[in-house]
Amino acid sequence: MDALKKAIAKSFRMEMIGTGVYRSLAAQYRQSQPKLSGKFTAYAGQEYRHGRLFDRCHQKAFGKSIGGGLFWRFMGSGMALMMRVLPLKAKMKKLSHVEAQAVADIEKALTGGEGADSGLVQVLRTILPDEKAHAALYRQWFPA
Ligand SMILES: [Fe+2]
Ligand SMILES: [Fe+2]
């Protein structure tokens with residue numbers, strides 16, 4: 001039960017950090033890369049929704065909200081600001097790795113079948129297509 005609680009809270013934090021990162025990137029590239037900025041905005045919205053799903057899952061299983069979302073979004077924005085000096089391509093490559101790792105983690109969790117009764121599996125299945133699309137953005141933008 002404790003492991004499940006921790007796993008849901010960690011997923012929630014990652015989604016909130018991701019929301020902050022993508023929001024900040026969307027703002028940074030609004031002028032120079034409007035199309036890509038639009039993608040970042042869309043991804044920020046998706047990560048935020050993912051976070052809400054994890055929070056709802058936590059509420060159902062443990063009777064209370066996770067909390068701290070604003071703090072973790074702020075952390076994410078800070079991370080994007082620290083990466084500001086990097087070339088866009090390097091940033092996107094990094095993001096792509098993080099997202100690919102998220103996909104791998106979700107796929108692993110889905111084969112494990114843990115937390116099936118908590119609704120966690122349902123959330124993971126719901127968010128997987130989005131995470132796959134996020135991981136593919138780099139390839140879309142910089143085809144080999
Ligand atoms: Fe996500
Ligand atoms: Fe993502």
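1. Start with helices H4 and H5. In this predicted model, the axes of H4 (88–112) and H5 (120–141) come within 8 Å and cross at roughly 150 degrees. Angles over 145 degrees count as roughly antiparallel, and H4 and H5 are therefore roughly antiparallel to each other. The crossing of H4 past H5 is left-handed. On the H4 side the contact residues include Met92, Leu95, Ser96, Glu99, Ala100, Val103 and Ile106. On the H5 side they include Val121, Leu124, Leu128, Glu131, His134, Ala135 and Tyr138.

2. For a close-up of that contact, go to Ser96, which sits in helix H4. Is Ser96 buried or exposed, or something in between? It is partly exposed, because 19 other C-beta atoms lie within 10 Å, while a residue needs 20 or more to count as buried. Ser96 and Ala135 are 39 residues apart along the chain, yet their C-alpha atoms are separated by 4.6 Å. Setting aside neighbours within four places in sequence, Ser96 touches Ala135, Leu137 and Tyr138.

3. Next, look at H5 by itself. Helix H5 has 22 residues and reaches 32 Å from its first C-alpha to its last, close to the 32 Å expected at 1.5 Å a residue. There is a kink, though: about 35 degrees at Leu128, shortly before the proline Pro129. The residues of H5 that are buried are Leu120, Val123, Leu124, Ile127, Glu131 and His134. Their cover includes helix H1 (2–28), H2 and H4. As background, an α-helix has 3.6 residues a turn, so residues three or four places apart point the same way.

4. H5 also packs against H2 (34–62). How are H2 and H5 oriented relative to each other? They pack at an angle of about 160 degrees, with their axes 10 Å apart, and are therefore roughly antiparallel to each other. This crossing is left-handed. From H2 the meeting residues include Leu36, Tyr43, His50, Leu53 and Cys57; from H5 they include Leu120, Val123, Ile127, His134 and Trp141. His134 is worth finding in the viewer: it is buried, it meets H2, and it takes part in the contact with H4.

5. H2 deserves a look along its length. At 1.5 Å a residue, its 29 residues should span 42 Å, and its end C-alpha atoms are indeed 42 Å apart, so the two values agree. The list of buried residues in H2 has aromatic-sounding names such as Phe40, Tyr43 and Phe54, and it also includes Gln46, Glu47, His50, Asp55 and His58. The cover over the buried residues of H2 includes H1, H3 and H5. Just after H2, Gly63 takes a positive phi of about 80 degrees.

6. A little further on is Ile66, in the loop between H2 and helix H3 (69–82). Ile66 counts as buried because it has 22 C-beta neighbours inside 10 Å. What does Ile66 contact, leaving aside its neighbours within four places in sequence? The partners are Ala9, Phe12, Asp55 and His58. Two of these, Asp55 and His58, are themselves buried residues of H2. Ile66 and Ser11 are 55 residues apart in sequence, and 11 Å separates them in space, C-alpha to C-alpha.

7. Now the H1 and H3 pair. These helices pack at an angle of about 45 degrees, with axes 7 Å apart, and that makes H1 oblique to H3. The contact involves, among others, Arg13, Met16, Ile17, Gly18, Gly20 and Leu25 of H1, and Gly69, Trp72, Phe74, Gly76, Met79 and Leu81 of H3. H1 passes H3 in a right-handed crossing.

8. Two last spots to check, in H3 and just beyond. Gly78 is found in helix H3 and is partly exposed, with 14 other C-beta atoms within 10 Å. Gly78 and Ala133 are 55 residues apart in sequence and 24 Å apart in space, C-alpha to C-alpha. Met83 lies in the loop between H3 and H4. It counts as partly exposed because it has 18 C-beta neighbours inside 10 Å. The C-alpha atoms of Met83 and Ser11, 72 residues apart along the chain, are separated by 22 Å.

Methods. Residues numbered from 1 in each chain as written. Chains lettered and ligands numbered in written order. Predicted model: local features only at pLDDT ≥ 70, side-chain atom pairs only at ≥ 80, totals over all residues. Helix = DSSP H or I, 4+ residues; strand = E, 2+ residues; numbered from the N terminus. Buried ≥ 20, exposed ≤ 12 C-beta atoms within 10 Å, placed from the backbone. Contact = placed C-beta atoms within 7 Å. Expected span 1.5 Å × (residues − 1). Bend = angle between axes of the 7 residues up to and from the residue. Axes fitted to C-alpha atoms, helices over the stretch in contact; angles between N-to-C directions. Parallel < 35°, antiparallel > 145°, perpendicular 65-115°, else oblique. Left-handed = near helix turned anticlockwise from the far one by under 90°.
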